Structures are given as C-alpha cells and as structure tokens.
Amino acid sequence: MRVLVIGSGIGGAATAWHLAGRGAEVVVADAARPGTATEAGAGIVSPWTSRWEDALYPLAAAAGRYYREFTAELPDSSFEVVGGMVVSADETELAEAQERLTRRAADAPEAGEVRRLDPAQARELFPALAPELGAVHLSGAGRVDGHLLRRALLSAAEARGAKFVEGEVAFRADGTVASSSGSLEADSVVVAAGAWSRELLAPLGIDLPVTPHRGQISHFDLPETDTAAWPVVLPRSSHYLLAFGGGRVVAGATREAEAGFDYRVTAAGQREVLDNALTVAPGLADATLAETRVGFRPGTPDGLPILGLIRPGLAVSTGFGAGGLTNAPFAGKLVASVALGEDPGFDLSPFAPDRF
Ligand SMILES: Cc1cc2nc3c(=O)[nH]c(=O)nc-3n(C[C@H](O)[C@H](O)[C@H](O)COP(=O)(O)OP(=O)(O)OC[C@H]3O[C@@H](n4cnc5c(N)ncnc54)[C@H](O)[C@@H]3O)c2cc1C
C-alpha cells in the first residue's frame with residue numbers, strides 16, 4: 001500500500017516512521033514552512049505534570065508510557081529523563097500539585113517518584129531558581145530536542161524505505177495531490193500539516209478548524225555551566241524553563257491564539273518571555289540571550305488533537321496544540337494503523353475529525 005504523508009513535523013515524521021515499519025510504501029512531502037512548531041517546541045515530555053484532564057490525559061499518559069519504548073529504537077532521539085519540578089512559593093499550590101502528581105504517578109510507574117523539595121533543595125537542582133520557590137519533584141519527567149527527534153524519525157523512516165518530496169503540495173478538488181514535480185499518487189493520504197492543515201484540506205470542501213497558536217520561546221546560553229542534568233521547571237503560569245547540555249536554557253513561551261501566521265518576534269512577546277523567565281529564575285539575568293524562536297502550534301476549538309479517518313483513503317494527525325512533542329509519536333502509531341485500515345487498539349472517538 002502506498003501512503004502519502006503531508007507534513008514532516010513530529011506528527012508526520014512519527015506517522016511515516018510507523019507506516020514504513022509496517023511495510024507501507026511511504027512518501028513524505030514537506031514545504032519547510034517557517035514557524036514549523038516542531039522546530040520551535042520546548043521539548044518537555046511530562047504529561048503527568050500537565051493540567052490536561054478529561055479526554056486528553058489518557059492519550060497523553062499512554063504517550064508518556066510509550067516514550068521510552070520508541071526512543072529506545074532511535075539512538076539519536078535526544079530524549080532524556082531529567083526530572084521535573086512544579087515550583088511555587090505558595091504551600092497550598094504545592095500541596096495541590098503533590099496530590100495531583102501522586103495520584104497520576106500511582107497509575108504510571110514511568111512518571112517516577114514524587115517528593116517535596118524545600119527552596120534550597122530546589123536550587124541545588126536548578127541553581128538559577130528564585131530563592132523563595134519550593135518544589136514538587138517528579139523523577140520521570142523528560143526533555144527532547146524537537147529538531148533532533150524529527151530528524152531521527154525521518155532518518156529511521158528513510159532506512160525503512162520512505163521517500164521524500166521537498167516543497168509545497170496541494171489537494172485538487174478531485175482528491176488528487178499536486179506537487180511541483182507533478183501528481184503524487186497514493187492509495188491513502190495522511191494530512192499532518194500542523195497549523196496549515198485547514199488550508200491544505202480546503203480545496204476538498206473540508207473545513208477542519210485548526211488554527212495557529214503562536215509561541216515565542218527564548219534560548220539562553222550560560223557559558224561554562226553544566227546544565228545537562230537541570231530538571232524541567234514548571235511554575236503555576238503557562239511559562240516554563242528547561243535546559244539542555246552545553247549551557248543552554250530554554251524559556252517558554254507565549255500562547256497567542258489570535259496572532260495568525262505572523263512569523264515575528266514581537267516586543268511584547270519578548271518582554272513576556274523574559275519577565276516570566278527572570279521572575280522564576282533570576283539567576284539567568286546575566287545569561288546570553290542566544291535566540292528567540294517562533295512556532296505555530298496547531299490549535300483546535302476544544303484543545304484536543306484531531307486523529308483518524310476523514311473518509312476512506314484520507315486520514316489526519318494534527319491539532320496537537322501545546323503537547324505535540326509528547327503526544328504525536330504515540331498518535332502517529334495509532335493513525336498509521338487507521339491509514340492501513342487496521343484497528344488502532346485505542347479509543348480515538350474523542351479525537352474524531354467529524355466532531356466539530
Ligand atoms: C513555543 C512552543 C513550545 C512548545 N513546547 C512543547 C513542549 O514542551 N512539549 C510538547 O509536547 N509540545 C510542545 N509544543 C507543541 C509541539 O511543538 C507541537 O504540537 C508539534 O510540534 C506539532 O507538530 P506537527 O507535526 O503537527 O506540526 P508542525 O511541526 O508545524 O509541522 C507541520 C509541517 O507541515 C508542513 N506543511 C504545511 N503545509 C504544507 C504543504 N501545503 N505542503 C507540504 N508541507 C506542508 C510544514 O512545512 C511543517 O513542516 C510547543 C510548541 C511551541 C510552538
């Protein structure tokens with residue numbers, strides 16, 4: 001079976017890798033659009049600390065469980081378990097976080113251990129942290145570099161026989177797909193075009209309500225500081241910090257649902273990111289501001305991804321919002337099954353494309 005995957009962010013890359021692993025003849029098309037979310041994503045993999053409840057949490061918890069399994073097959077995935085800290089100066093908030101994490105960790109051994117840290121213990125793990133912040137530490141939280149994970153999945157898909165088409169592709173009204181090198185023939189198409197999925201499907205008369213949620217996210221360098229083992233830091237706000245090796249600290253991010261596809265670092269966005277980062281971690285004040293990235297998260301009206309068949313021969317894997325680096329690898333496995341006409345073995349009804 002020949003399957004065309006449109007989009008090679010984490011959603012498309014993961015789906016293509018799974019499809020190729022099941023013996024499908026896979027072609028992946030990507031336009032390398034500026035603002036590809038996967039290239040800007042922070043890389044926190046910790047569904048257990050999220051405030052996702054209801055329909056999303058079961059998918060995210062399964063995705064968290066799956067992370068170690070699939071990255072074990074990808075030596076260059078960049079995924080590492082570094083632990084995470086929910087931080088606050090408010091005892092009530094910390095107690096709530098401890099209760100939530102303990103409850104979730106009871107059903108998810110991979111979430112690791114939950115323990116309270118006083119401010120001095122929290123600063124031992126993340127030295128730039130504000131001195132008044134205590135923490136609830138979760139040992140199983142992880143981080144991944146979205147760019148490297150995407151590359152690792154695409155290389156592994158290529159090793160399994162996947163082929164690549166560079167540049168824009170578009171549906172024609174009759175359902176065929178046009179590219180600059182002519183029509184792309186396929187038995188089945190998977191739309192994984194992130195925030196651009198709506199415009200991609202429009203010529204078919206399908207209105208999938210995916211909209212861009214802009215995120216501006218800053219990277220700092222702390223010269224001669226070993227940051228490789230610093231944990232993820234999660235304050236009450238939607239802003240957060242995490243670190244990679246080589247003195248790199250990442251501070252995210254704005255959540256701008258009304259900005260459209262405006263690929264700019266704005267003055268207000270930069271101020272918001274810096275204000276939040278330096279409030280939580282004043283020790284970053286002297287760090288080098290290395291770069292600010294912009295990415296368009298694929299948002300949906302109900303905050304849930306869109307996974308499954310639109311009609312026979314046309315599947316979709318998008319709408320991952322703020323959680324795609326965590327959830328898309330597992331979702332890719334499920335959507336690969338659906339595209340091949342198989343039972344995914346997981347209830348995808350909350351994510352059905354026709355629910356809107
Ligand atoms: C600032 C920020 C921080 C984030 N932090 C985290 C985090 O810590 N943890 C987490 O789990 N998630 C995080 N996310 C969310 C995550 O990055 C996204 O949910 C995920 O990357 C979306 O992946 P995607 O493949 O659906 O879309 P994208 O990565 O946007 O990929 C879509 C692809 O489709 C291609 N495309 C579009 N139209 C066409 C066309 N017509 N023809 C060919 N190709 C096309 C584009 O070129 C692009 O490569 C963050 C996102 C942002 C922006």
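This passage walks through the domains, the ligand shell, two helices and two single residues of a predicted model. Local features are taken at pLDDT of at least 70 and side-chain atom pairs only at pLDDT 80 or more, while totals for chains, interfaces and linings use all residues. Residues are numbered from 1 along each chain as its sequence is written.

The protein chain splits into domain 1 (2–40 + 146–209 + 301–355) and domain 2 (81–142 + 211–299), with bounds that come from an automatic or database domain assignment. Between the C-alpha centres of domain 1 and domain 2 there are 29 Å. To the contact, domain 1 brings 15 residues and domain 2 brings 14 residues; two residues are in contact if their C-beta atoms, placed from the backbone, lie within 7 Å. On the domain 1 side, helix H2 (residues 37–40) provides the largest share, 3 residues. Helices (H or I, at least four residues) and strands (E, at least two) are DSSP runs, numbered from the N terminus. That side of domain 1 is made up of 7 nonpolar, 7 polar and 1 charged residues. Here Ala, Val, Leu, Ile, Met, Phe, Trp, Tyr, Cys and Pro count as nonpolar, Asp, Glu, Lys and Arg as charged, and the others, Gly among them, as polar.

Turning to the ligand, 46 residues surround it, the closest being Gly9, Gly41, Gly194, Gly215 and Gly324; a residue is near a molecule if its C-beta atom, placed from the backbone, lies within 6 Å of it. Domain 1 and domain 2 each give at least three residues to this shell. Elements that supply at least two residues each include helix H1 (10–21), strand S2 (25–30), H2 and strand S18 (288–299), but helix H9 gives the most, with 4 residues. By type, the shell holds 23 nonpolar, 19 polar and 4 charged residues.

H9 (324–339) is also worth a look for its geometry. Its end C-alpha atoms are only 19 Å apart, although its 16 residues would reach 22 Å in a straight helix at 1.5 Å a residue; the expected span is 1.5 Å times one less than the number of residues. At phenylalanine 330, H9 bends by about 30°, the bend being the angle between axes fitted to the seven residues ending there and the seven starting there. The helix is largely enclosed by the rest of the structure, because 15 of its 16 residues are buried. A residue is buried if 20 or more other C-beta atoms lie within 10 Å of its own, exposed if 12 or fewer, and partly exposed in between, with C-beta atoms placed from the backbone. Just after H9, glycine 341 has a positive phi of about 80°.

Helix H3 (residues 56–71) also has 16 residues, and its end-to-end C-alpha distance of 22 Å agrees with the expected 22 Å. H3 nevertheless bends by about 30° at arginine 65. Among its buried residues are Leu56, Leu59, Tyr67 and Phe70, and their cover includes strand S3 (44–45), strand S8 (142–143) and H9.

Two single residues round off the picture. Valine 27, in strand S2, is buried, with 22 other C-beta atoms within 10 Å. Its C-alpha lies 8.7 Å from that of leucine 184, 157 residues away along the chain. Proline 209 sits in the loop between helix H7 (197–201) and strand S14 (211–221) and counts as partly exposed, because it has 13 C-beta neighbours inside 10 Å. Beyond four places in sequence, proline 209 is in contact with Arg198, Thr300, Pro301 and Phe356.
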